[in-house]
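Have the model open in your viewer and follow along. We'll go through the sheet, the loops and the helix pairs in turn.

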Amino acid sequence: MSYIEIKQWRDSQIEKQESSEELNAFHDSVMKRVFETALKKVKEKAGHPPCRYAWFVMGSAGRFEQAIISDQDHGIVYEEDGEENSTYFNTFGKELSFGLHEAGYPYCDGNVMSSNPVWCRSKASWTEQLEKWLNEESFDSIRYMLIFYDARVLEGEREYILQLKKYIHDAIKDKPDLLERFLENTIHTKKAVGFFRQFLPETHGSHAGSIDIKQSGFLPYVNAFRLLALKEDVEGASTLSRIEALSELPKYARELQGYRNAFEKLLHYRLVHHKKMTESYDDIHYLDIKELTKDERKELKQILKDGQKLQDYTQSVIKGMMRR
């Protein structure tokens, strides 16, 4: 199956997905077909992979939270160092990125893709990279580490990513102050509901009258539950799985009630109001409040306010831990 044929199949089926879960399972199946085609092409030129490996997705794909349009966030971890392995998997990574682009997934603006050697490494090199990110003070280093933490293996050796995530958890146990640095990196999000419970939509540009549902809606939930997952060694990559795992812990059970339902509704709003194909990847981050009914506006305001409340709670948990 060619990349163009995969795109044609994708475009013909994607609007038929009735729920966020169905949509993300469909994205997985599309990306796996791209993977199979890319691997076949590389095998024809360079033979079989020289060692075991894993191809993993990150970002909204890693968290199983993709929208109708989704860009690329992925990487490769292979078993052993060596020039032959490096050359092979960098070639494979470039083919994967090209194939995904041809199949309808825009290139990542931040170059977080298997075609970038930073995101295509051996297990040993990945450990060194994570150590470097964890020890550096820069905003970007922490951001990259948090991006990696949402990794989910789509093809290959799942345990490779679990081992690397364990390295992150162990580092946090040794240096709990890392959580405060993660908090500082993620705490600032755009508010979409004002003091008087009024929407604060965009005022200029092509999205005037819309709210940035990614910055104001999703990120407060995603960031908060990622931080709590890091603190509590939660393995799951999706926000929903993190909510479920954390809610089973007695210290969070009461405080986290209702957040799963709120996040599922966010996913539903985005899917329903972007059912018709949007113009670009940027469009799926915005929700026109004029398209919402009175009841939907009321419900969405509460979801956004709850996201702010969750951020405040998470900040108190991390700051409280540091004061002990």
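What follows is a walk through a predicted model, starting with its sheet.

Let's begin with the overall layout. Four strands make up an open sheet, ordered 3-2-1-4, and the pairing is mixed. Strand 3 and strand 4 (152–156) sit at the edges, each pairing on one side only. If you ignore direction, neighbouring strands here are turned by 25° against each other on average.

Now go through the pairings. Strand 1 (residues 53–57) pairs with strand 2 in the antiparallel sense, over 5 bridges. To pick out one of these, look for Y53, whose bridge partner in strand 2 is Y78. Strand 1 also pairs with strand 4, again in the antiparallel sense, this time over 4 bridges. There, F56 has V153 of strand 4 as its bridge partner. The parallel part of the mix comes from strand 2 and strand 3 (residues 120–122), which are joined by 3 bridges. V77 is the residue standing opposite R121 in strand 3.

How does the chain get from strand 2 to strand 3? It passes through helix 4 (residues 83–102), and the resulting β-α-β crossover is right-handed. Helix 4 lies across strand 1, strand 2 and strand 3, and runs at about 160° to strand 2.

Strand 2 deserves a second look. Is strand 2 (residues 74–78) largely enclosed or open? Here 5 of its 5 residues are buried, so strand 2 is largely enclosed by the rest of the structure. Both of its faces are covered: H74, I76 and Y78 are buried on one side, and G75 and V77 are buried on the other. So the Y78 that partners Y53 and the V77 that stands opposite R121 are on opposite sides of a strand covered on both.

Next, a couple of backbone angles to check. Most residues other than glycine have a negative phi. Against that background, F64 has a positive phi of about 60° although it is not a glycine. F64 lies in the loop between helix 3 (59–62) and strand 2, and counts as partly exposed because its relative accessibility is 26%. N111 is another such residue, with a positive phi near 60°. N111 belongs to the loop between helix 4 and strand 3, and with a relative accessibility of 34% N111 also counts as partly exposed.

That leaves two helix pairs. The axes of helix 8 (residues 178–186) and helix 9 (residues 213–232) come within 10 Å and cross at roughly 175°. Helix 8 and helix 9 are therefore roughly antiparallel to each other. On the helix 8 side, the contact is made by L179, F182, L183 and T186, while helix 9 brings in N223, R226, L227, L230 and K231. Sorted by class, that contact has 5 nonpolar, 2 polar and 2 charged residues.

The other pair is helix 10 (residues 239–247) with helix 12 (residues 259–273), whose axes come within 10 Å and cross at roughly 170°. That crossing angle makes helix 10 roughly antiparallel to helix 12. Here T239, L240, I243 and E244 of helix 10 meet Y259, R260, F263, E264 and L267 of helix 12. In this contact, the tally by class is 5 nonpolar, 1 polar and 3 charged residues.

Conventions: Residues numbered from 1 in each chain as written. Predicted model: local features only at pLDDT ≥ 70, side-chain atom pairs only at ≥ 80, totals over all residues. Heavy atoms only, no water. Axes fitted to C-alpha atoms, helices over the stretch in contact; angles between N-to-C directions. Helix = DSSP H or I, 4+ residues; strand = E, 2+ residues; numbered from the N terminus. Parallel < 35°, antiparallel > 145°, perpendicular 65-115°, else oblique. Contact = heavy atoms within 4.5 Å. Nonpolar A, V, L, I, M, F, W, Y, C, P; charged D, E, K, R; others polar. Buried < 20%, exposed > 50% of the residue type's maximum accessible area, 1.4 Å probe, protein only. Pairing = 2+ DSSP bridges. Right-handed = clockwise from strand over helix to strand, strands pointing away.
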